[in-house]
Amino acid sequence: MRVSLLSILVTALACSAERPETTPPRSPAALAPKPPLVWSRFAEIQSWPVAGEPFTNLGHVGAGAEAVVRVSPDARAAYEHLVKDSELPNGTIVALFHELGPGRAGLVYVMEKTNGAWRFSSYHPDGTELTAAEPANASTAGCERCHADAVADSLFGLPRRWPQAAEKP
Ligand code: HEC
């Protein structure tokens, strides 16, 4: 029994060795996992000036304690002066850059308006997009639900400083 199994194996090996190679061997590059893509507009968005001042992030638990917002140039003024019935134009991008601590970049949360609807997405500090397997607050359904209760057009706007009692005339 053992002998016959061995002979089958030997024959099989011999046959496979004789068989002409039909498919070219795959190169190691084709087998390696593809590196995640950096969003093509990430560097451009990073170069936009900060709207308002850096502030303490309250909306995105765990994403970073401090935050700055950068807005596409055409919509920046409207964003900085957001009022109840503000509506930002199609093509607007609002990006919130979190900071984990001084000089330590955190996640970047982005809202982009097309055809009257916002698309929510989130990126690592290197500009690659978070996958569905990453933290729960990266889910776009969660983003949309919380932002639906924002000040205007799904936007919360920059934190407001209310006059202190002592500042009133
Ligand atoms: C629980 C509520 C909540 C969730 C969930 C949430 N946000 Fe926000 N978001 C806020 C609040 C509040 C602000 C205002 C800034 C602050 O206080 O941190 C804000 C600000 C922003 C801003 C700046 C624009 C603005 O509204 O003024 C962007 C961009 C943003 N969020 C994107 C996202 C994305 C992308 C997600 C999902 C990955 C998300 N947010 C999930 C509450 C939320």
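## The overall layout

Reading along the sequence, you will meet the pattern α-α-α-β-β-α-β-β-β-α. That gives the protein 5 helices and 5 strands in its secondary structure. Please keep in mind that this is a predicted model.

Two further values help to set the scene. The protein has 169 residues, and buried residues make up 19% of them. Among contacts between residues at least 6 apart in sequence, 49% join residues at least 24 apart.

## The sheet

A good place to begin looking is the open sheet of 5 strands. Its strands follow the order S1-S2-S3-S4-S5, and their pairing is antiparallel. Strand S1 (50-56) and S5 are the edge strands, so called because each pairs on one side only. On average, and with direction ignored, neighbouring strands of this sheet are turned by 20° against each other.

## Two hairpins in a row

Now let us follow the chain through S3, S4 and S5. The antiparallel strands S3 and S4 are joined by 7 bridges. One spot to find is Phe-97, which stands opposite Val-108 in S4. These two strands form a hairpin with 2 residues between them, and in its turn Gly-103 has a positive phi of about 70°.

S4 then pairs with S5, again in the antiparallel sense, over 7 bridges. Met-111 has Phe-120 in S5 as its bridge partner, while Glu-112 has Arg-119 in S5. The hairpin of S4 and S5 has 2 residues between the strands, and here Asn-115 takes a positive phi near 50°.

## The nonpolar core

Which residues of the largest nonpolar core touch the most other members? They are Val-69, Val-94, Ala-95, Leu-96, Val-108 and Val-110, out of 20 residues in this core. The elements that give two or more residues to the core are S2, S3, S4 and S5.

Val-110 makes a handy example to look at. Leaving out residues up to four places away in sequence, Val-110 touches Ile-93, Ala-95, Ser-121, Ser-122 and Tyr-123.

## Around the ligand

The ligand has 24 residues around it, and those that come nearest are Gly-59, Tyr-109, Cys-143, Cys-146 and Phe-156. Several elements give two or more residues to this shell: strand S2 (66-71), strand S3 (93-101), strand S4 (104-114), strand S5 (117-123) and helix H5 (140-147). Helix H5 gives the most, with 4 residues.

What kinds of residue make up the shell around the ligand? The shell divides into 16 nonpolar and 8 polar residues, with no charged ones.

## A closer look at Arg-76

To finish, here is one residue to pick out for yourself. Arg-76 lies in helix H4, which covers residues 76-80. Is Arg-76 buried, exposed or partly exposed? Arg-76 counts as partly exposed because it has 17 C-beta neighbours inside 10 Å, whereas a buried residue would need 20 or more and an exposed one 12 or fewer.

Setting aside neighbours within four places in sequence, Arg-76 is in contact with Ala-51 and Val-71. You can also look from Arg-76 towards Ile-93, 17 residues apart from it along the chain: their C-alpha atoms are separated by 9.3 Å.

Terms used
Residues numbered from 1 in each chain as written. Predicted model: local features only at pLDDT ≥ 70, side-chain atom pairs only at ≥ 80, totals over all residues. Contact = placed C-beta atoms within 7 Å. Near = placed C-beta within 6 Å. Nonpolar A, V, L, I, M, F, W, Y, C, P; charged D, E, K, R; others polar. Pairing = 2+ DSSP bridges. Axes fitted to C-alpha atoms, helices over the stretch in contact; angles between N-to-C directions. Core = buried A, V, L, I, M, F, W, Y, C linked by C-beta atoms within 7 Å.
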